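Here are a few short exercises to help you find your way around a new structure. Try each task on your own before reading its solution.

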Amino acid sequence: MERSIVLGILSVFLISSIGFVNAQSSKPVQDIVYNAKFVCGSINNNSGPLRPGHYDTSINILNNKGYRVGFVWTAVINDGPTSNAIFKNLDSETSTGMSCHDIKDIFGIDNNDLLEGFVVVKIPVSSLKGFDNEQVLPDITADMARSEE
């Protein structure tokens, strides 16, 4: 009697868990996106949110995978324009970067006024080995059968 109650409760838990896993796995894996803030230019007084000084952000990416990875990055100036997407392939164990100089070149800016914004780095899942848009549902029933033995 006690064993059938435990198995009944376990079965309800198992069915609920499978429903939860199915609900979670119905959505495809999304691309990996990282937003990196940049600050470029000079501040000569105490009127801003930053201390006086020269700011020259550099956003760097390291590919520590054992294979080439493709990614897209886009620069966005706060309350301003967005650049065209720039696609790059990054070989294994190499790095690249985007500096304030690069960002200003993209937008044709040649002054030292303060410039703030974000570089959006998007890594398509398709460029990563071992990832795809199919979710794997673990075989809970096989594990369950083994535990009853």
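## Exercise 1: The disulfide

In this predicted model, cysteine 40 and cysteine 100 form a disulfide, with their sulfur atoms 2.0 Å apart. Work out which parts of the chain the pair links, and what handedness the disulfide has.

Solution.
- Begin with the elements: cysteine 40 lies in strand S1 and cysteine 100 in helix H2.
- The two are 60 residues apart, so the pair links distant parts of the chain.
- Next, take the torsion about the S-S bond, which is about -85°, so the disulfide is left-handed.
- Finally, look at the surroundings: cysteine 40 and cysteine 100 are both buried.
- A search of the whole structure finds 1 disulfide.

## Exercise 2: Threonine 74

Decide whether threonine 74 is buried or exposed, and find what it touches.

Solution.
- Locate threonine 74 in strand S4, residues 69-77.
- Its relative accessible area is 17%. Buried means under 20%, so threonine 74 is buried.
- Leaving out residues up to four places away in sequence, threonine 74 touches residues including Thr82, Phe118 and Val119.

## Exercise 3: The largest nonpolar core

Find which residues have the most contacts inside the largest nonpolar core, and which element gives the most to it.

Solution.
- The core has 17 residues, and Phe38, Trp73, Ile103 and Val119 have the most contacts inside it.
- Elements giving two or more residues include strand S1 (32-43), helix H2 (100-107) and strand S7 (115-123).
- S4 gives the most, with 4 residues.
- Now follow valine 119: beyond its neighbours within four places in sequence, its contacts include Phe38, Trp73, Thr74 and Ile103.

Conventions. Residues numbered from 1 in each chain as written. Predicted model: local features only at pLDDT ≥ 70, side-chain atom pairs only at ≥ 80, totals over all residues. Heavy atoms only, no water. Buried < 20%, exposed > 50% of the residue type's maximum accessible area, 1.4 Å probe, protein only. Contact = heavy atoms within 4.5 Å. Core = buried A, V, L, I, M, F, W, Y, C linked by side-chain atoms within 4.5 Å. Disulfide = S-S within 2.5 Å.
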